[in-house]
Amino acid sequence: MTSREECHKKGFYHKAVVVLIINSKGEILLQQRSSNKKLWPNLWDITAGGHVLKDEFGYEAVIRETKEEIGLDLEVHDLLFIGCTRSTNTQKGIINRHFNEYYIVKKEIDLSKIILQEEEVQDIRWFTKEEILKRIYNNYDGLTNKISCWQYLEKYLNSKKEYL
């Protein structure tokens, strides 16, 4: 099994997951990455996500990463798998080549009960569809440049009239 560090150094493809939480108003929960992060510090990012561990299914990684990053417990029945892509992003000596799995969670969340993983996340808030699309169309203004993630969200948002 190749380590995460070796995958990033040598550019090996590996599995990653993305989860986006959407409330009944159609707002999307985003996290602001910690200022300590090597990649994309202080920028707004997907609700949660990360690498899939050895012997782990994608849905299990979503549940684990969401608990780790924002302290939120999800169940398998909360997850809606919406697709997958392949992506490459290279910066600061890190070659991220992912097979991404995308999940949507439709859920009401009390942000006052969220527990942030401070090494990873400094803030979390709801964004309207219009706010996110404006940022995407404005060269990803204030967002990470995980272009495939934002394109997938954009495609999902533009295809849905109702969220719950």
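**The largest nonpolar core**

I started with the largest nonpolar core in this predicted model. It has 21 residues, and I looked up which of them touch the most other members: Leu20, Ile28, Leu30, Ile132 and Trp150. Next I asked which elements give two or more residues to this core. My list came out as strands S1 (13–22), S2 (28–33) and S6 (94–106), plus helices H3 (129–137) and H4 (147–159). H4 gives the most, with 6 residues.

A reminder to myself: in soluble globular proteins, nonpolar side chains tend to be buried together.

**Trp150 and its neighbours**

What does Trp150 touch, if I skip residues up to four places away in sequence? I found Leu30, Trp44, Asp45, Ile46, Ile132, Ile136, Tyr140, Leu143 and Thr144. Two of those names, Leu30 and Ile132, I had already written down for the core.

Apart from the largest core there's another one, of 18 residues. Its members include Val19, Ile21, Ile70 and Trp126.

**Cysteines**

How many disulfides does the structure hold? I got 0. Cys84 is in no disulfide, and the nearest cysteine sulfur, that of Cys149, is 13 Å away. A disulfide needs the two sulfur atoms within 2.5 Å, so these two don't make a pair at 13 Å. From the other side, Cys149 is in no disulfide either, with the sulfur of Cys84 as its nearest.

Are they buried or exposed? Cys84 is exposed, with a relative accessible area of 53%. Cys149 is buried, with a relative accessible area of 6%.

Methods: Residues numbered from 1 in each chain as written. Predicted model: local features only at pLDDT ≥ 70, side-chain atom pairs only at ≥ 80, totals over all residues. Heavy atoms only, no water. Core = buried A, V, L, I, M, F, W, Y, C linked by side-chain atoms within 4.5 Å. Buried < 20%, exposed > 50% of the residue type's maximum accessible area, 1.4 Å probe, protein only. Helix = DSSP H or I, 4+ residues; strand = E, 2+ residues; numbered from the N terminus. Contact = heavy atoms within 4.5 Å.
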